[in-house]
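Could you walk me through this structure, starting with its charged pairs and then moving on to the fold as a whole? Plain paragraphs are fine.

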Amino acid sequence: MVADRSPLASAAFDLQSFMQSEQWAFCFIGGLANAYWGEPRYTEDADVSLLTGFGNEERFIAQLLRRFQPRRDDAADFALRSRVLLLRHENGVALDIGLAAFPYEESAVGRAVLCLSADEFNGLRICSAEDFIIYKAFAGRERDWVDIDGVLRRQRKLQLALVKAELPWLLEIKADDQALLRVAALAQKYGHEW
């Protein structure tokens, strides 16, 4: 661990090191990816998309629970039901591990990039900017739309064809017919070709 890292950065790199040692496919999403692609905002936890597939989740869960503390007594059962394993790093930082299995999630993990920044998160494996937009539009909370706005404002070389191709089928799951239109409007607002 680097001595001058914040607890969040220390926890994120510790988790990344563990997952790399297991040769797992993963990427950070959420606030840590937003800090790189969009308008940085305060975040207390590290969100990860971990490619487990369907049927293998228990093996991943068991290994993670041997290394990190659960945030719930029924963490393993909850993860199997919700596909999110709620953990805590030894320094107190919350770790939310999404158990990824769908083809889109596999592709998103495959497109992940290394954060190349001058701050303490340099070298963290994060989702692409386009996948960040997709994840956030699918979640659809108001703060997610603020994050999408920040990415579209700051990033000038986005491959929005990926968003147009992947987001619609995800939104069908939620019966959401407005989010794609909202992304398109924000993209056009900042001069992106849609």
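Let's start with a term: a salt bridge here is a side-chain nitrogen of Lys or Arg within 4 Å of a carboxyl oxygen of Asp or Glu. With that in hand, look at R141 and D144, which form a salt bridge with their closest N and O atoms 2.7 Å apart. Keep in mind that the model is a predicted one.

The two partners sit in rather unlike surroundings. R141 is partly exposed, at 42% relative accessible area, whereas D144 has a relative accessible area of 0% and counts as buried. The cut-off for buried is under 20%, so D144 qualifies at 0%. You'll find D144 in helix α7. Leaving aside residues up to four places away in sequence, D144 touches K136 and A139.

This pair also belongs to something wider. R41, K136, R141, D144 and D147 are linked in a network of salt bridges. Searching the whole structure turns up 14 salt bridges.

Stay in helix α7 for another one. D149 pairs with R153 in a salt bridge whose closest N and O atoms are 2.5 Å apart. Why do these two line up? They are four residues apart in helix α7, which spans residues 142-154, so about one helical turn separates D149 from R153. Here again the acid is the buried partner: D149 has a relative accessible area of 13% and is buried, while R153, at 37%, counts as partly exposed.

Now compare that with R72 and D74, another salt bridge, where the closest N and O atoms are 2.7 Å apart. In this case neither partner is buried: R72 is partly exposed at 31% relative accessible area, and D74 is partly exposed too, at 26%.

Time to step back and look at the whole chain. The protein chain has nine helices and seven strands. Along the principal axes, its C-alpha atoms fill a box of roughly 45 × 40 × 25 Å. How does the radius of gyration fit with a compact globule? For 194 residues, such a globule would have a radius of gyration near 16 Å, and the chain's 17 Å agrees with that.

Other totals help fill in the picture. Of the 194 residues in the chain, 52% are buried. If you take the contacts with a separation of 6 or more, 60% of them are between residues 24 or more positions apart. On the outside, the chain exposes about 9600 Å², and carbon and sulfur atoms supply 51% of that area.

Which residues have the most contacts inside the largest nonpolar core? They are F28, L64 and I97, in a core of 62 residues. Helix α1, residues 7-21, gives this core its largest share, with eight residues. L64 is a handy place to start browsing. Not counting residues up to four places away in sequence, L64 touches L15, F18, W24, L50, L85, L87 and I97. One of those neighbours, I97, is itself among the residues with the most contacts in the core.

Not every nonpolar side chain is tucked away, though. F54, F102, W169 and I173 make a nonpolar surface patch of about 420 Å². To find F102, go to the loop between β5 (94-100) and α5 (103-110). F102 has a relative accessible area of 39%, so it is classed as partly exposed.

Finally, there are a couple of backbone details to check in your viewer. Q23 has a phi near 60°, which is a positive value in a residue other than glycine. Q23 is placed in the loop between α1 and β1 (26-29), and with a relative accessible area of 73% it is exposed. R83 is another non-glycine residue with a positive phi, this one about 65°. Look for R83 in the loop between α4 (75-82) and β4 (84-88).

Definitions and conventions:
Residues are numbered from 1 along each chain as its sequence is written. This is a predicted model: local features need pLDDT of at least 70, side-chain atom pairs count only at pLDDT 80 or more; totals for chains, interfaces and linings use all residues. Side-chain values use heavy atoms; hydrogens and water are left out. A nonpolar core is a set of buried Ala, Val, Leu, Ile, Met, Phe, Trp, Tyr and Cys residues joined through side-chain atoms within 4.5 Å. Buried means under 20% relative accessible area, exposed over 50%, partly exposed in between (1.4 Å probe, protein chains only). Helices (H or I, at least four residues) and strands (E, at least two) are DSSP runs, numbered from the N terminus. Contact means heavy atoms within 4.5 Å. Patches are made of residues with over 30% relative accessible area and no salt bridge: like charges are joined within 9 Å, nonpolar side chains (Val, Leu, Ile, Met, Phe, Trp, Tyr) within 5 Å. Accessible areas come from the Shrake-Rupley method with a 1.4 Å probe; for residues, only the protein chains shown count as cover. The radius of gyration is taken over C-alpha atoms; the globule rule is 2.2 Å times the number of residues to the power 0.38.
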